[in-house]
Amino acid sequence: MSENSAFPSHNLVFPGEVFPNPADFDRGIRQLLRKYDEMLEILVRCIPANVDRILELGCGTGELSLKLLNRFPTAQITAVDYAPRMLQYAQEKIRLAGYAEKWIAKEADFGEWANNSQTANIGSEFDACVSSLAIHHLTDEMKLKLFQQIRKSLNPGGVFWNADPILPESELMKAVYQTAREEWAIEQGSTLAQIRSQVGQSVPYGYSSPDQLATLDIQLQMLKKSGFDGVAVPWKYYNLAVFGGN
Ligand SMILES: C[S@@+](CC[C@H](N)C(=O)[O-])C[C@H]1O[C@@H](n2cnc3c(N)ncnc32)[C@H](O)[C@@H]1O
């Protein structure tokens with residue numbers, strides 16, 4: 001994996017990396033998102049027990065990969081991320097957990113893969129595709145293309161589950177979601193502004209930009225248009241949702 005030379009400045013991050021140092025991510029994301037673990041755990045519960053090949057898009061520091069492997073220790077995960085330092089951090093975590101043979105890192109932009117399935121030799125015939133806190137960095141046009149590419153890359157009966165922030169449904173809901181986040185920061189003895197001050201500055205990179213949120217309704221329609229059946233929302237907490245289908 002190459003050095004993250006595109007962003008030499010200490011505070012700049014790729015969209016989605018969140019923190020300049022990957023070592024800060026696991027603690028920092030839980031400070032930002034009260035139900036981070038619950039969200040990932042519900043997503044994992046939506047994967048069928050006989051899963052063999054899993055594709056993860058935007059694996060970050062490997063927290064979702066680890067939860068998947070703990071539940072499905074014989075599965076094989078292909079983990080895609082465009083940020084070399086996130087992939088390196090995840091790889092070491094997965095190795096220390098004893099799953100090195102079960103986890104393949106692919107440094108690639110999943111937007112490029114949406115346009116061309118040959119990109120980065122990611123492969124196909126997956127039993128499940130998963131993603132958390134990553135796809136919302138694509139434009140809506142690219143989200144739809146990605147959902148279509150995922151559908152084509154799944155085996156019959158394969159599933160796709162995504163955990164992502166959504167665009168608030170109204171100004172009222174936007175205020176409610178914001179207040180909930182502020183209260184979570186205060187419960188931790190901090191403020192949202194203080195916690196957010198640790199977040200790096202991100203500028204567009206590849207196909208991703210800082211948040212490109214879409215409503216949950218629009219994304220459910222995109223899934224149906226892409227050929228998914230059984231489209232469902234097994235979990236929602238304020239502006240975060242787990243959604244997908246088969
Ligand atoms: C907020 S992190 C979430 C990581 C992990 N899924 C989790 O829930 O802890 C989002 C990850 O998506 C990656 N990412 C964002 N856009 C991407 C793209 N277009 N292609 C590949 N990776 C991308 C970022 O580098 C980052 O590691």
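What follows is a short chat about a predicted model, its overall build, its ligand shell and two helix pairs.

Biologist: What does the secondary structure of the protein come to?

Modeller: It comes to 9 helices and 9 strands. Keep in mind that this model is predicted.

Biologist: And how compact is the protein for 246 residues?

Modeller: The radius of gyration is 17 Å, close to the 18 Å from the globule rule, so the protein is as compact as a globular protein of that length.

Biologist: What box do the C-alpha atoms fill?

Modeller: Roughly 45 × 40 × 30 Å, along the principal axes.

Biologist: Switching to the ligand. How many residues surround it, and which are the closest?

Modeller: The ligand has 26 residues around it. Gly16, Gly58, Gly60, Ser132 and Ala134 are the closest.

Biologist: Which elements give two or more residues to that shell?

Modeller: Helix H3 (63–71), strand E3 (76–81) and helix H5 (110–115).

Biologist: How do the shell residues divide into nonpolar, polar and charged?

Modeller: The shell has 14 nonpolar, 8 polar and 4 charged residues.

Biologist: Back to H3. At what angle do the axes of H2 and H3 cross?

Modeller: Roughly 45 degrees, and the axes come within 10 Å. H2 covers residues 36–45. The two helices are therefore oblique to each other.

Biologist: Is that crossing left-handed or right-handed?

Modeller: The crossing of H2 and H3 is right-handed. From H2, the contact uses Leu40, Glu41 and Val44. H3 brings Glu63, Leu64, Lys67, Leu68 and Arg71.

Biologist: How do those contact residues divide?

Modeller: Into 4 nonpolar and 4 charged, with no polar residues.

Biologist: New pair. How do H6 and H9 pack?

Modeller: H6 (residues 140–152) and H9 (residues 216–225) pack at about 40 degrees, with axes 9 Å apart. H6 and H9 are therefore oblique too. Their crossing is right-handed.

Biologist: Which residues of H6 and H9 make the contact?

Modeller: H6 supplies Asp140, Lys143, Leu144 and Phe147. H9 supplies Ile218, Gln219, Met222, Leu223 and Lys225.

Biologist: And the nonpolar, polar and charged split for H6 with H9?

Modeller: That contact has 5 nonpolar residues, 1 polar and 3 charged.

Technical notes. Residues are numbered from 1 along each chain as its sequence is written. This is a predicted model: local features need pLDDT of at least 70, side-chain atom pairs count only at pLDDT 80 or more; totals for chains, interfaces and linings use all residues. A residue is near a molecule or strand if its C-beta atom, placed from the backbone, lies within 6 Å of it. Helices (H or I, at least four residues) and strands (E, at least two) are DSSP runs, numbered from the N terminus. Ala, Val, Leu, Ile, Met, Phe, Trp, Tyr, Cys and Pro count as nonpolar, Asp, Glu, Lys and Arg as charged, and the others, Gly among them, as polar. Axes are lines fitted to C-alpha atoms, for helices over the stretch in contact, and angles run from 0 to 180 degrees between N-to-C directions. Angles under 35 degrees count as roughly parallel, over 145 as roughly antiparallel, 65 to 115 as roughly perpendicular and the rest as oblique. A crossing is left-handed if the near helix is turned anticlockwise from the far one by less than a right angle, and right-handed if clockwise. Two residues are in contact if their C-beta atoms, placed from the backbone, lie within 7 Å. The radius of gyration is taken over C-alpha atoms; the globule rule is 2.2 Å times the number of residues to the power 0.38.
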